[in-house]
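Hi there,

Here is the structure I promised to pass on. Have a look at it first, and my notes follow below.

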Amino acid sequence: MEDSGAAAGASLEEIHRLFQDAVADEPSLSLLRGFKVDFSGNRGFHKIYLAARCDCGTAALLSVEVAMNKTLPEVEEALPSLLENLHTKARQFANMSCAMHARMRQGGV
């Protein structure tokens, strides 16, 4: 018999909705739904992928991992910190020159 007092972990779809709403008004970040690449190899985590784009056509792949046992209220509580980390990474990418982006696209970085 299951423990009816235990809260279920947030689903990937619920987490996607949180991030989609959070970045809806931010043209520099976009949620990548359906992106299935697992670069980290960490099992037990939902992976959320976003893109940061530059006018030169280069895009950076940013990601967040959320433990599958985290409830939706726990993810909502952590969301401001997760977004700040994403914004920091997006700013670092945006502060790179387009010449550096070109080198990244060509595999020279």
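Let me start with one pair of strands: β1 and β2 run antiparallel and are joined by 3 bridges. Strands are counted as paired here if DSSP finds at least two bridges between them. Helices (H or I, at least four residues) and strands (E, at least two) are DSSP runs, numbered from the N terminus. In this pairing, Leu 31 has Leu 50 of β2 as its bridge partner.

Before you go further, please keep in mind that this is a predicted model, in which local features need pLDDT of at least 70 and side-chain atom pairs count only at pLDDT 80 or more, while totals for chains, interfaces and linings use all residues. Residues are numbered from 1 along each chain as its sequence is written, and side-chain values use heavy atoms, with hydrogens and water left out.

**The sheet**

The chain's secondary structure comes to 3 helices and 3 strands, following the pattern α-β-β-β-α-α along the sequence. The 3 strands make an open antiparallel sheet in the order β1-β2-β3. Its edge strands are β1 (29-31) and β3 (59-67), each of which pairs on one side only. From one strand to the next, the twist averages 30°. (Axes are lines fitted to C-alpha atoms, for helices over the stretch in contact, and angles run from 0 to 180 degrees between N-to-C directions.)

Strand β2 (residues 45-53) pairs with β3 over 9 bridges, again in the antiparallel sense. Two of the pairings in that ladder are Arg 53 opposite Ala 59 and Lys 47 with Glu 65. These two strands form a hairpin with 5 residues between them, and Gly 57 in the turn has a positive phi of about 100°.

**Helices on the sheet**

Helix α1 (residues 12-23) packs on the sheet and touches β1, β2 and β3, with its direction making about 25° with that of β2. Contact, here and below, means heavy atoms within 4.5 Å. Helix α2 (residues 72-94) lies across β1, β2 and β3 too, running at about 160° to β3.

The 12 residues of α1 reach 16 Å from the first C-alpha to the last, close to the 16 Å expected at 1.5 Å a residue; the expected span is 1.5 Å times one less than the number of residues. Which residues of α1 are buried? They are Ile 15, His 16, Leu 18, Phe 19 and Val 23, where buried means under 20% relative accessible area, exposed over 50%, and partly exposed in between (1.4 Å probe, protein chains only). Seen down the axis of α1, these buried residues fall within an arc of 160°, so they line one face of the helix. The arc is that of the directions from the helix axis to the C-beta atoms. Their cover includes β1, β2, β3 and α2.

**Burial and contacts**

Of the 109 residues in the chain, 30% are buried. Strand β2 is mostly covered, with 7 of its 9 residues buried. One residue of β2 is Ile 48, which counts as buried at 0% relative accessibility. Leaving out residues up to four places away in sequence, Ile 48 touches a set that includes Leu 12, Ile 15, His 16 and Phe 19, as well as Leu 31 and Leu 62.

Thr 71 sits in the loop between β3 and α2 and is buried, at 13% relative accessible area. With residues up to four places away in sequence not counted, Thr 71 touches Ala 7, Ala 8, Gly 9 and Ala 10. Ala 8 belongs to the segment before α1 and counts as exposed at 62%. Ala 8 and Asn 69 are 61 residues apart in sequence, yet their C-alpha atoms are 7.0 Å apart.

**Cysteines**

How many disulfides are there? The count comes to 0, with a disulfide taken as a pair of cysteine sulfur atoms within 2.5 Å. The sulfur of Cys 54 has its closest cysteine sulfur in Cys 56 at 3.6 Å, which is too far for a bond. Cys 98 is in no disulfide either, as the nearest cysteine sulfur, that of Cys 54, is 3.7 Å away. Cys 98 is partly exposed, with a relative accessible area of 41%.

Best wishes
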